[in-house]
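Here is a quick walk through the charged side-chain pairs in one protein chain. Have a look at the fold before reading on.

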Amino acid sequence: MAGPPDWEDDGVANVLVRGSTYLRWVYLLLGAALVLAFILVDSGLASLLDGLELPGVLSAIFIVLIAALPPLVLGTLPAVREVEGIAVESLLGVRFEERPLGPSRTWPQRRRTTTWFCLHLAAGGFVGVLSTIVFGLGAVLIAAPFRSPGRRELIPGVHYRITGGWTDLWMPLATIVAVIGLILLSAGIGALLAYAAPRLLGPTPAERIELLERRTATLAERNRLARELHDSVGHALSLVTIQAAAARRVLATDPAFAETALAAMETSARAALADLDHVLGLLRDDRRPGSATAPQATLGNLTRLVEATRAGGITVGVRRSGDLEQLPAAVSREAYRIVQEGLTNAIRHAGHPAGEVSVDLLINLDKSGLLLELTNPVAAGAADNSGGGRGLAGIRERVAVLRGTVEAGLVADRWRLAVTLPVAVTTKG
């Protein structure tokens with residue numbers, strides 16, 4: 001819960017010179033303007049009762065309904081919460097957890113918005129009446145010393161006397177005190193409204209939990225998409241880099257190999273563009289007809305990945321065991337990305353020239369789970385990438401979500417990446 005209103009520890013001078021004081025006053029005067037509009041509408045409706053000659057009690061009931069129903073009905077409109085939220089943030093200086101504050105979506109929200117709207121009207125009407133009195137009578141009192149001596153009427157039934165001497169100074173001084181009092185009172189009421197606004201217009205504890213869950217889901221989805229881009233596009237760019245370097249070296253001596261490398265570059269780039277289009281489609285959240293994005297790759301697409309890697313001059317040996325079709329779709333998708341990132345790391349950090357990089361890939365599915373193991377020789381002096389880069393960090397994030405384990409590091413002169421994912425495998429009868 002928030003503390004007390006923010007004005008009670010400030011001095012009078014600070015309140016008077018602070019810009020937020022007058023912004024809050026403007027917010028209250030907007031409420032007064034709404035009250036005046038309702039009064040004009042109610043007056044027109046009440047005039048219709050004069051010709052009906054209803055009994056006194058029934059006429060009083062109709063007057064109460066005419067006065068109460070318009071603000072109550074208007075407060076239930078979904079857009080009122082949104083409009084009041086903008087005004088409260090701009091003029092009262094309140095910052096809501098839900099930004100921007102959306103329209104009322106549930107009846108509890110509409111009830112709280114209606115309560116706030118009526119509170120705004122009541123506080124604004126009160127300050128509006130006081131402002132009219134203070135500035136209306138203040139103008140008369142300030143001008144009083146400049147008028148000829150005599151007895152004057154301030155309002156019907158209330159008189160004051162102008163002497164033409166220094167004793168008339170009490171009138172402008174009283175006006176100044178009244179204006180300062182009005183400003184301080186408006187600041188206090190505005191601070192109380194600012195204190196109450198998050199509780200009436202803002203989310204409830206249950207809505208905060210729902211909002212936090214949505215934000216968490218959004219962040220998780222963004223992280224997943226970031227990994228998708230890193231793995232797919234990073235893998236393709238690594239292959240293109242290797243292939244371009246190889247083609248440049250042998251362009252003059254072996255044009256056939258250079259042409260093969262260029263074709264492989266084209267294939268890798270097209271695959272990367274397809275993956276990029278898929279991820280961007282998810283980011284756009286496009287649901288228009290004909291805009292469906294491509295399905296995500298799984299271990300069923302492993303052959304295409306291996307062939308694309310081999311086309312870049314990388315030797316990839318694959319050993320498989322177990323029925324991979326039994327894998328749940330989510331596990332199969334993550335396993336594909338892990339293998340893809342493992343191949344990318346092998347290409348980047350092997351330390352061998354193009355055409356000399358070899359990777360051994362083992363995929364084993366049994367009752368203990370799914371094992372993905374990639375090993376490749378590392379040249380002497382090649383950097384150990386076990387602790388840096390987003391690739392291995394992305395693999396660890398994927399494996400952590402699936403409650404698996406990751407082992408990565410140098411074993412003798414070979415780099416080894418081993419990932420174990422717990423998977424329940426059912427034996428086909």
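What follows covers the salt bridges, how buried their partners are, and one backbone oddity.

Keep in mind that this is a predicted model. Side chains of opposite charge can pair when their charged atoms come close. How many salt bridges turn up in a search of the whole structure? The count comes to four. Here are three pairs with their N to O distances.

| Basic partner | Acidic partner | N to O distance |
|---|---|---|
| Arginine 398 | Glutamate 334 | 2.6 Å |
| Arginine 414 | Aspartate 360 | 3.0 Å |
| Arginine 416 | Glutamate 407 | 3.0 Å |

**The helix pair**

Let's start with arginine 398 and glutamate 334, whose side chains form a salt bridge at 2.6 Å. Arginine 398 sits in helix 11 (residues 390-401) and glutamate 334 in helix 10 (residues 329-349), so this contact ties together parts that are 64 residues apart in sequence. Are the two partners buried or exposed? Arginine 398 has just 1% relative accessibility, so it counts as buried. Glutamate 334 comes in at 13%, and that makes it buried too. The cut-off behind both calls is under 20% relative accessible area.

**The strand pair**

Next up is the salt bridge between arginine 414 and aspartate 360, at 3.0 Å from N to O. Which elements does this pair link? Arginine 414 belongs to strand 7 (residues 414-421) and aspartate 360 to strand 4 (residues 358-366), so to speak distant parts of the chain, 54 residues apart. Arginine 414 is partly exposed, with a relative accessible area of 27%. Aspartate 360 is also partly exposed, at 39%.

**The network**

Glutamate 407 and arginine 416 make their salt bridge at 3.0 Å. This pair doesn't stand alone: salt bridges with shared partners join Glu373, Glu407 and Arg416 into one network. On the accessibility side, glutamate 407 reaches 45% and counts as partly exposed. Arginine 416 is partly exposed as well, with a relative accessible area of 25%.

**A backbone oddity**

Finally, take a look at arginine 403. What is unusual about its phi? The angle is near 60°, a positive value in a residue other than glycine. You'll find arginine 403 in the loop between helix 11 and strand 6 (405-411). Its relative accessible area is 74%, so arginine 403 is exposed. Compare that with arginine 398 in helix 11, which is buried at 1%.

How values were computed:
Residues are numbered from 1 along each chain as its sequence is written. This is a predicted model: local features need pLDDT of at least 70, side-chain atom pairs count only at pLDDT 80 or more; totals for chains, interfaces and linings use all residues. Side-chain values use heavy atoms; hydrogens and water are left out. Helices (H or I, at least four residues) and strands (E, at least two) are DSSP runs, numbered from the N terminus. Buried means under 20% relative accessible area, exposed over 50%, partly exposed in between (1.4 Å probe, protein chains only).
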